[in-house]
Each structure stands twice: as structure tokens, then as C-alpha cells.
Amino acid sequence: MEKKLVLIDGNSIAYRAFFALPLLNNDKGVHTNAIYGFTTMLLKILEEEKPTHLLVAFDAGKTTFRHATFTEYKGGRQKTPPELSEQFPFIRDLLDAFGISRYELENYEADDIIGTLSKVADEEGFQVKVISGDKDMTQLASENVTVCITRKGITDMEIYTPEHILEKYGLHPNQIIDMKGLMGDQSDNIPGVPGVGEKTAIKLLKEFETLEGLLSSIDQVSGAKLKDKLSEFKDQAIMSKQLATITREAPVEVVLPAIEYSGYSYEKVKSIFKELGFNSLLEKMEPSGTERQEVELEEIQFEIAKEITEEMLTDNASLYVEILEDNYHLAPILGLAIVNANGKYFFETDIAVHSPLFKEWAEDESKSKIVYDAKGTEVSLRKRDIHLKGIQFDLLVASYLLNPSESLDDISSVARRYNEVNIQSNDEFYGKGAKRSVPGKEEIADHIVRKAIILEKLSGKLEDELKENQQYELFHDLEMPLSLILADMESAGIKVDVGRLKKMNEELAAKLIKLESKIHQLAGEHFNINSPKQLGVILFEKLGLSSGKKTKTGYSTSADVLEKLADDHEIIREILDYRQLGKLQSTYIEGLLKVVHPNTDKVHTRFNQVLAQTGRLSSIDPNLQNIPIRLEEGRKIRQAFIPSEEDWVIFAADYSQIELRVLAHIAKDEKLIQAFKDDLDIHTKTAMEVFHVSADDVTSNMRRHAKAVNFGIVYGISDFGLSQSLNITRREAGLFIERYLESYPGVKHYMEDSVKVAKQQGFVTTILQRRRYLPEITSRNFNIRSFAERTAMNTPIQGSAADIIKKAMIDMADRLQSEKLQSRLLLQVHDELIFEAPKDEIEKLKEIVPDVMENAVELSVPLKVDYSYGPTWFDAK
DNA sequence: GAACGCACGC
DNA sequence: GACGTACGTGCGTTCC
């Protein structure tokens, strides 16, 4: 296993924690904020880094070897507050309880201990992480040494690799000390060269590389004044560099094997948490995860194959590929199992994926396979250059179609539904949360073979059920081929313009800082704007604004509440702006950057095909179905989504009003059907009907109301929901809905009928026989029943729209292939498809895409598709 | 790690 | 008259 050393700058982190958190104290009157913050940081490091070796370094005493050079070193520093000093002994106790090594060295600072140990570890092939609040530490970064500097608070860290430093300063890590030598450091009282700041220092170092190089050729420096300063303060610069240099040769007695970290004893940690009064952390320790469960399952017989032979690779075999992490894009395969008429076999990953025989079988269309999660299996095997063909049955998809409301954590949930209990769930087998672990080879083999056995046992049964339900076509002709198309889309990924995102990030950061200080100034104090709790206090107590609705825990500060207060105080607009930009930064810029593949600059989402109750897809890691579009600033995020090849474009096509068209069709409403046949503006038309006016007399407000009602119909919202979105009373909203239904009697009849059908048969269906069961429709509880009723009306609409676009995706894939086009489908966002395409295929797509999408199914109304394209997703509008 | 409040899309 | 209201995903805060 790879060795990983984490080195923590104890003093620096304690300081950070102390100033980041309010001055908490426990029941014994001891201040605990630094201890508490230190602990949360520590827990986070243990969780995320899983170090094999760990040490916390502290400064020893007041004077160090640096004072011999320069007595004023660190002069002018504020004395450590006594409230912090008193916490250090507890931090030491805490580390002892965790079994973490700590170390301090007379005459040296924590930096030097860390510098020395990181060098040793680096040379011995460790991965090293340095944790500090002091930017000076970045000089230690190297290929194997990453430096994490706390940003804001204590758990938010900025990660410095040599690449990042180069990007940020244009310098190599070892030039950081030269930079310090020139610019000095206020906080350590390092003088540097007067008049030289960060900008100048960087400029000089880019040209002369080192301080020494610079000082030996001062005459080449441009600028007379600068020249003078450099000559005058030459010695001071050299001394400053020395002071800023972390020594990597300190006489540290600690050796690496001595600081190996092997976990902590819960008992010891528990008792110190109790002593400190850290109840929340105490709870956190306890139930976070469950151990692997040892259970008695009925024994199974199988063979652990040392090599792959013909008899293992037959037609009609059950194949299970175990991918441990849920993100299958990069995750390792833990092992594979095949069950067929000849036997039950387990293969270690390498044996299977490197076997030509296995590859040939996997890629043989005529050898049919039964799998669980065709899409994930396909994506994962493709990474290993195996293109799985002949997938005849996917138990996951089948199970979802039979009942979308059953949760599908893993194959065991399907098994249990059919009373197959001879298998553990993944959580039971591997353990849950922090206690998750990978057991021994034999046990893994057993677990995986059991899964393949389930496939073999249940596939026939589910297939029969699908046929009974008239859902086999939906399964075989729609969802199964779709899963492979989604696999293609996910594997292809979409290219991201990282530079653009980073630039946006900087611009946003600047705006946010301004907004933040404006808000603090208007509030008259500093507080965390991102905390609804703190914000509530400021707005509704300090500033005395009238609070609207409440939440479980306090005042609501949601956008709709704040909008109503916008005229009462200047601060409200600023907060709304801050929220908007903050959302863009955290979710869409930083969130996206976190999941960009570093080598390809692509993001590979995962579409969940078996989750949404309506039959829609969802998208995670990243979610590419909720990229901003409504507001211009957010919409710009789309500029960062670009084609993956030179001279290609992004081509986007969306259905116009697909749900309302589907409604017209299902409800057989004459008026609505005619409206679409005449290609009318449906919101205006609705306004005309609801308000009994002619087209010319529809005001923008009427249209807005009509639009909201149409929206409500599509999403199945209640009068309450409509009243919220239009900011009107519930009674008025109810009236609108009533008038709407009078205007479209076919729709009214359909709505009533849907509920009736749902009550009678227990489920509703879509045009392609997707089902949603609604047992709650008979509930005696008004709310629960009403919800089910609205669902009965809405699901056929939304679900049929989902059916249609899925069908279009399949037809589209066929068409792209038959026309031999290179264009690729990348994303689906419920009613739109996004492609990347070579420029010279644009004309062809303009023809094909609307044609395929509009003719995916035949309805009693036409389907209408709009399209657009451009160099980025933003431009395809 | 879990609950919560909030916000983005369709 | 109840009582809490489309679906999804993801972020930051809180926890003493």
C-alpha cells in the first residue's frame, strides 16, 4: 500500500481554530474553541487522507536559531492570548488519546520539523501532506509533497502543488523563499527590501530566477530606484531569505517508523471528549457506520478460476462485475462472477480483463448475458478495452420498471423482494460509513458469486412479470438500448474550459468580497451571510425587519421571503445578489472544477436511469441537468462547456411544450389539440380562455398567470403551490385552476379519470406503459390522498414526455450511425438533447435532429423542436 | 456524518 | 377541518 504521511503544524492550526470560532467554553469554564476546531480539522484529515503516518509538530519555546541571525525575528507580534495558551495542554492530551505522535524541538520551529521530515519521507517514496495556516510552508511543495493551507475557518483548505504555485505566482516552490527575501513578511517581522512587494518580487524572479542571481546582476535591473534599493539592502535581502527558509536539516530525532498511525482507541477518545463536553462529536464517533456483519448464509459451491476456459463462457450466462465505489468511471473492479449451465465461477479482475478469451466472449453479440446495471458494467469494462455486447437482460432496469418506488441500493434489495435471502447487502458485507472495509479474497468471491446466482435465479421471473404487465417492450426496446446510449454519453463526457471557469471564479470572488463588506457595513457588524441562523438574527432582530414564515429552526430567509422585504432595507438586495453569486461560485464553478478530469478536462456525469418516479433521468457528479440558464450571470457558466474537438460545435435541440402537447394528446382535449395544430402561443391561448378575452386583450400579467397555471398542470402542483408561485391567495389560485379546467373540458375529464383509474387499478401508466403505483390514493389523510391524486394526474404527462425523449435518443443513435455521422449525443436535460458535432455536419443535423425528435412517437398533436448551435453550450441558445 | 436551509434546473 | 405540498442534486452551516 502506498505510504502517506500527514504533517500538521500544530501551533498554526490551533491559532487558526482559535480565531475562526467564537470563544466557546465548556461546563468547567475551560475555553474550548481552539481544541474543538483542532479536533474537527483532525477528524476531517483522518477521514479524507487516511494517513499511514502522522505527526503534529509544535514550536518549542520563544527563541530559535533564527533569532541568532536576527534578534528582531517575529518581533512586534501580539502575545498569545491566555485564552488560547490554556488550551494547548488539552490539545496535547487529545493527540495522545488519538494515538497521534507529537513533537517539538528546542531552538526550532514547527516548520523546520515539518520541512525536515517531509524531505526524508519524500526521499523514501511517501506521499506527504502538510497542513498549516502559514503560506510560507508552500516552499515545501514538490511532486510528492502537497501543502494545504487553511483558507477561511479551519476545514476549508487551499491545496498547493508545484503546478498550483506556478499557476498562482508563476514561480517554482523553491523560489518562494527568494520572494520572501525580497518582499519580506510583516507577520514574522522579516524586513526584505523596502519598496519591493509581491508583484515586483515575482517579476524579478521570473527574470533572474534566484535572489542570488538577481543580486549578482543588479545592473541589469530596469528602474534606477529599484536598482538603488536592491544594492542598498542587498545584505538584508539575503538575511531575509535565510529567515524565511525552512530548514530541511533540523536535528530531528524522530524516525518515520515511529510515527506510523494505526487508528485510535474509541474508548480513550470518548473519555476525553466527555471531559471536554464535546457531545456532538461524541455522538458522531458512535454511530458513524456499522461494522461488517457476520451472518450465516447457506453455503454455495463455486470455483475460483485461475484461468479462463471455454466452458465458463457460454451463451445465456449471468455476469456480475463488482465495482466497489459507486462512481464507476474511475473505480477499480473488485472481481467478476459468471454463472451458467456449466457452473459458477469467480475471476479476479486481472484474470478476466486480460484474457483474450473473455474479451472475445464479452464482445460476442450472439452470446447473451444477464447483468445487473448494464450501464455501469459497460462503462467500467470499456475502460479496460472490453466492449460488452449481447446484454439481454438488466435486472436493475427490469426491477425499476416493475416498481419504480422500490429503493434499489444494490442487488440484494431486488433479491429480498423476491424472497431470495441467501445474500448480504453491500452495507452488511462491506460495512457502512467509516467502518467500510474490503474483506478477504475468498469472502469477496463468495459475495460476488452470490450476486451472479441472483441474476440467474431472478431474471426469468422478472421477465415474465414485465410481459404480464405489457411492459416488456418498454424494457427491451426502450430502456435496455437506452442504457447503452447513456453509457456512450457518460463515457464520452463533455469538455470543460477550465481556464474560463477559473477566470469566472476570480471575478466572482472579487464581487463577493465587495458584496460581503457592503452587507457587513449595512448590518453594522460582521457575520456569516451563508448562515441562515445568523442572517435571521441580523435581519429580524437587529434591523427589525418583519419576519415572514418560520422554519423548524427559526426565521426563514429564503429568496421569496427576502423579495418581499426588498423595499424595506437596502441590505436585502445585496444579500440576494450575494446568494446568487455565492451559489454560482460554490456549486457551479468550484463544484464543477472538483470533478473535471485532470488529464482530459472533461466531466463525466452519471445518469441515474432507475430513480425518478416519473421515468425521467437524473444526473450526478456533476449534475449537468441543472446548469443555470434563467439569469444571465449564471447562464455564462455554459460558456465553459465546449466541444472536445477542434472545429466542432455544441448543438442543442429542445422540445417546445412537450408536456402540454402530451396532455392534449392523452386528454384528447379538442381545444388544446387545435391550439397546437395551429401552433399558437399556448400561454396566450390559455390566458384568452381563462380570462375570456381576445388575443389582443391579453395583458402580460394575464399571460404570466396563465403560464404559471400551465406550469402547475405540468408539475402537478396544488392551489397552494400555485398561490406561492404567483404570490396570490390560495382561493384565487383555486379559482384559476377551476377556470382552466372549464376552459379545457377534455383536460378536466382526463384529470378525473386519471384519479379514478389510479384508485381502481392502483397505478397509472404512460403512453409507453411505464407504471407508477399510488397506494396512498386511498388514504384517509386528506394531504396524503391529495398528493397521490395530483401525482395520478401528473405522472402520465411527465412520464410520457420522458418516454418520448428516450425514444428519440434511441432513434437518434440509430440515425447518426446509419448516416455515418461523427456527431455525438452528450447530454439529455429532460426535454432537450445536447450534441457535439463537426462543423460540416451542422447542416445535416439541422435536418435530422428535429426530424427524429418530432417523429419519435405519433401523437394527435404535432411535436415541435427548436434547435441552435455555437462554439459553447452558452451559444447554443 | 446527518439534518437543515437554501437554490439551481425542468 | 385536518396539513403541507412537483422532482431531483448539491452546497454551506451547525454541531460546543
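## A walk through the predicted model

Start by selecting residues 634-841: their end C-alpha atoms lie 30 Å apart, and the span is 59% helix and 13% strand. Keep in mind as you go that this is a predicted model. The stretch carries a label from an unreviewed UniProt entry, which annotates residues 634-841 as "domain: DNA-directed DNA polymerase family A palm".

Next, zoom in on valine 693. You will find this residue in the loop between α30 (682-691) and α31 (700-715). Is valine 693 buried or exposed? Its relative accessible area is 23%, and because buried means under 20%, valine 693 counts as partly exposed. Show its surroundings: leaving aside residues up to four places away in sequence, valine 693 touches Ala687, Met688, Val698 and Met702. Now add tyrosine 655 and draw a distance: from C-alpha to C-alpha, valine 693 and tyrosine 655 are 28 Å apart in space, with their positions 38 residues apart in sequence.

For a helix pair, select α23 (residues 498-523) and α26 (residues 570-595). They pack with their axes 9 Å apart, at an angle of about 150 degrees. That angle makes α23 roughly antiparallel to α26, since angles over 145 degrees count that way. Colour the contact by residue type and you should see 18 nonpolar, three polar and eight charged residues. The crossing of α23 and α26 is left-handed.

Last stop: helix α12, residues 234-244. Show the side chains of its buried residues, Ala237, Met239, Ser240, Lys241, Leu243 and Ala244. What do they pack against? Bring up α3 (65-69), α8 (176-183) and α10 (211-215), the helices that the buried residues of α12 pack against.

Key
Residues are numbered from 1 along each chain as its sequence is written. Chains are lettered from A and ligands numbered from 1 in the order in which they are written. This is a predicted model: local features need pLDDT of at least 70, side-chain atom pairs count only at pLDDT 80 or more; totals for chains, interfaces and linings use all residues. Side-chain values use heavy atoms; hydrogens and water are left out. UniProt positions are given in the numbering used here, feature names are shortened, and annotations may be inferred rather than shown by experiment. Helices (H or I, at least four residues) and strands (E, at least two) are DSSP runs, numbered from the N terminus. Buried means under 20% relative accessible area, exposed over 50%, partly exposed in between (1.4 Å probe, protein chains only). Contact means heavy atoms within 4.5 Å. Axes are lines fitted to C-alpha atoms, for helices over the stretch in contact, and angles run from 0 to 180 degrees between N-to-C directions. Angles under 35 degrees count as roughly parallel, over 145 as roughly antiparallel, 65 to 115 as roughly perpendicular and the rest as oblique. A crossing is left-handed if the near helix is turned anticlockwise from the far one by less than a right angle, and right-handed if clockwise. Ala, Val, Leu, Ile, Met, Phe, Trp, Tyr, Cys and Pro count as nonpolar, Asp, Glu, Lys and Arg as charged, and the others, Gly among them, as polar.
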